[in-house]
Structures are given as C-alpha cells and as structure tokens.
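Here are a few notes to read alongside the model. Have the structure open and follow along point by point.

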Amino acid sequence: MKKSISTILKHPTKDNANRSANPPVTRASTILFNSMQEMHQHELKIRKHKKVSHYTYGRYGSTTTIELENILKELEQAYHVFLTGTGFGGIALALMSLCRPGDEILVSDNVYGPTKEISQDLMKQFNVTAKFYNPESFYDLKQKISKKTKMILVENPGSNTFEFQDLRKITQLAKRKKIYSLLDNTWGTPLYLKPLKVGFDMSFCSATKYFSGHSDAMGGSLAVNKKVFKKIMFFYKLSGYRMSADEAYLIIRGLRTLDTRLKQHSDNTRIIINFLKKQKKIKEILYPHNASSKNYKLWKKYYSGATGLLSIVIKSKKRSSVIAFINSLELFGIGYSWGGFESLAILQEIKSTKKDEYLKGRQFYRFKKDEFIVRLHIGLEDPKDLIQDLKKGLRKIK
Ligand SMILES: Cc1ncc(COP(=O)(O)O)c(C=O)c1O
C-alpha cells in the first residue's frame, strides 16, 4: 500500500522483541554476529550498499540511527541520508567531503553566521576560497562562477533577513557548469520543500530545529543523491562523524508530529502576523505572509507551506528600548536556536559591523538608520496569549 508521508511519520519500526510501539534505543559500540561467516557476509552487503538493519560497528550506526536514516530518506526522497551530531556537522561534512585545495565555493551572503565562518575562515586554511554572492541577484551568482567553483551553498530563506531565491535557476546553472549544489532547508523542512527534487545534490537540515521539535536534542541530516554519495561516504566513515542512538531516538519521536506541529506553527504565525502588521513601530515583516510581501512569489513557486520563524524590522531611535521590548516578553524566551515548541525572540545585531560575530560580513543587506531586526520564533502556545505579550512589550519601544 502506498502511504502518505504523514502516515509514514506515524509508523516507525516497532520494537517487536519488547512489544513496544516505539523503536528500541540501541546503544552499541560492539555489534555481535553468530559466526565469522555471517560477519563477512554482512560486511559484503554493506560494501555493496544493500539495505541493512544494522552495521558492523557502532561508529557507523545502530538500528536506531538506521531507522532515522530510513524515515528521512522517504521524507527527502534521497539516495542516502548522513546523520551528524549537530546540524553544523552536516555542513562541515559536505564541505570537507567535496572541496579540495585550489577550489572555490560560492556561498549566499545571507547564510547562518557559523556557515559563513566555516566557508570563509576554516576552508581558507585548506586553500579553499569562499566567495559570497548577493542572494537577491542571480546575475551576481552567475558572474562569480569560475573554473574553480566546486560548490554552490544556498540557504533558503536566508538567516534572519529571509530572502528567497529562484532555486531551480541555481540548480540548472550548477548542473550545466558541473558544480555541486547544497541547500540548507532547515526553515522549510523537506515537508514543505524537497531540495533534491528541485535539483540540488545535497539537502541539509539542522535536525536540532523542527525535526526534533522539543529543544532537547541536537543533530544534522545531509540527504544526498547518487552523484555525491560515494565521496561523502568516504569522508563520513573516516572522519568519525556520527549521531548517537539517544539523539536519533529523540529525533524520531519529534518527526512523528512534524506535520502536525508545522501546521500549528504556521497557523499561529499567520495570526501573530495579522497583529504585527497593524503595529506602527514595525516597519516590515520579513516572512512570505501575503502576496505583496517581498519574495512571496519565489516562496510560492517552491514551497507548500511556511513555518514559524520570521523577523520584524523595528523603527526606533533607541536601541535600548528595542532591548527593553525583548526583555519584557514573558512568553518569548531569549535564546539561540528555534524550531522547538516554544516562542523565542532575539535581537539580530545586523547593523553592527565587523565586531559582530553572528552576522559578520553581510555584504549585501541594506542597513538603514534606526532600524533593528528582531527575530521571532512563533511556538505552539495559544496565539492570543502571545499577542497579549507582544502588545505589552511593544509599548517599550521608543
Ligand atoms: C539555518 C541554520 N542552519 C544550520 C544551523 C546549525 O545547526 P545546529 O545548531 O544544529 O548545529 C542553524 C542553527 O541555528 C541554522 O539556523
């Protein structure tokens, strides 16, 4: 029977031995075999990339991580999914597996801050040069391609400023020029956009966010096509990247409600935005919320939904009053990350220059005087309560 992804997410493998509705958490370094023959046959299967229910040694995974790989393979429609201990590990895995000295990587200027750092600062030490392109100009991307370009790394929408790009144009260009392409799809998740179907070679998600959904686990998922599989597998095995069985279990548990949670995040966000757009102190809402919002068309072209992360641009002469607004919120936590059940708010110091670690080096965002970007994650609380909280807090802005 062909099943929809919502159904598949509700039915991971059961623990038949213990009659439990949930898969077992297999914490294992040593995996036992009945005989040397069985061990050799099993290794042969793995080498031929045949479907296996367990690996030969804990570094390569256990039944729990294989279960998660299989669920994500369905969700991403991927050839294979590599799991890492954090999301960031997934980005490092892609770069370290595919880039070699002398190569260049083209990175969209609005990527998550640490992604910028790894591409710019760490890769430089391996003689790989990062060039950043304007996410709002396909021409800029095109003209920065050289014979040395090995990979195009895109984040859609971009961290904090939420620009959307014309994804198929990028993958078509990458294919023509024989360049690898990767999309950070953490915001949309493969439920709302399947990057491999749009032509990317790699689809990355920080599993820490919506996959886990409960702010208590970390992980990364790098879904790949056949073209890049071997190269990444080579590096994955030798570098020791892995996800623990406990984290994999928590992420499987989170995935079971991914569709339901995302729908609620999305509905709540819509309600909150209806309130926010009437507030005079808010100049702009960076989110594809209606046909006239910036980049709405590009969102609509590729996505079947929108999640709960957005930014608001606040006009104020006093930075301290914007901070007072955030500090006064009772239901929005102040903290990094997002994608969990709870609402969060954070000031993104996009205006500060080189000193700012998080957004350093933004070359193409137009900074305006007296404008501040506050990133909000809209959680699963009752939106009526969130609105009351925001209403009270916004009074602090001068
Ligand atoms: C868009 C995006 N990509 C990647 C990451 C890295 O994920 P992790 O924190 O799981 O390492 C983050 C984390 O905030 C992110 O927001």
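**Notes on a strand, a helix and a ligand shell**

1. Let's start with one pair of residues: T84 stands opposite G220 in β7. Keep in mind that this is a predicted model. T84 belongs to β1, where it shares one side with H80 and F82.

2. Now zoom out to the two strands. β1 and β7 run antiparallel to each other and pair over five bridges.

3. How many residues of β1 are buried? Five of the five are, so β1 is largely enclosed by the rest of the structure. Look at the two sides in turn: H80, F82 and T84 are buried on one, and V81 and L83 are buried on the other, so to speak a strand covered on both faces. That fits a handy rule: in a regular strand, side chains alternate between the two faces of the sheet.

4. Next, find α10, residues 226-239. This helix has 14 residues and spans 20 Å from first C-alpha to last, close to the 20 Å expected at 1.5 Å a residue. There is still a kink in α10, of about 30° and centred on I232.

5. I232 is also one of the buried residues of α10, along with V228 and Y236. What covers them? The list includes our two strands, β1 and β7, as well as α4, β5 and β6. Just after α10 comes G240, with a positive phi near 80°.

6. Finally, the ligand. It is surrounded by 13 residues, and the closest are T86, G87, F88, S206 and T208. By type, the shell has three nonpolar, eight polar and two charged residues.

Note on methods:
Residues numbered from 1 in each chain as written. Predicted model: local features only at pLDDT ≥ 70, side-chain atom pairs only at ≥ 80, totals over all residues. Helix = DSSP H or I, 4+ residues; strand = E, 2+ residues; numbered from the N terminus. Expected span 1.5 Å × (residues − 1). Bend = angle between axes of the 7 residues up to and from the residue. Buried ≥ 20, exposed ≤ 12 C-beta atoms within 10 Å, placed from the backbone. Contact = placed C-beta atoms within 7 Å. Near = placed C-beta within 6 Å. Nonpolar A, V, L, I, M, F, W, Y, C, P; charged D, E, K, R; others polar. Pairing = 2+ DSSP bridges.
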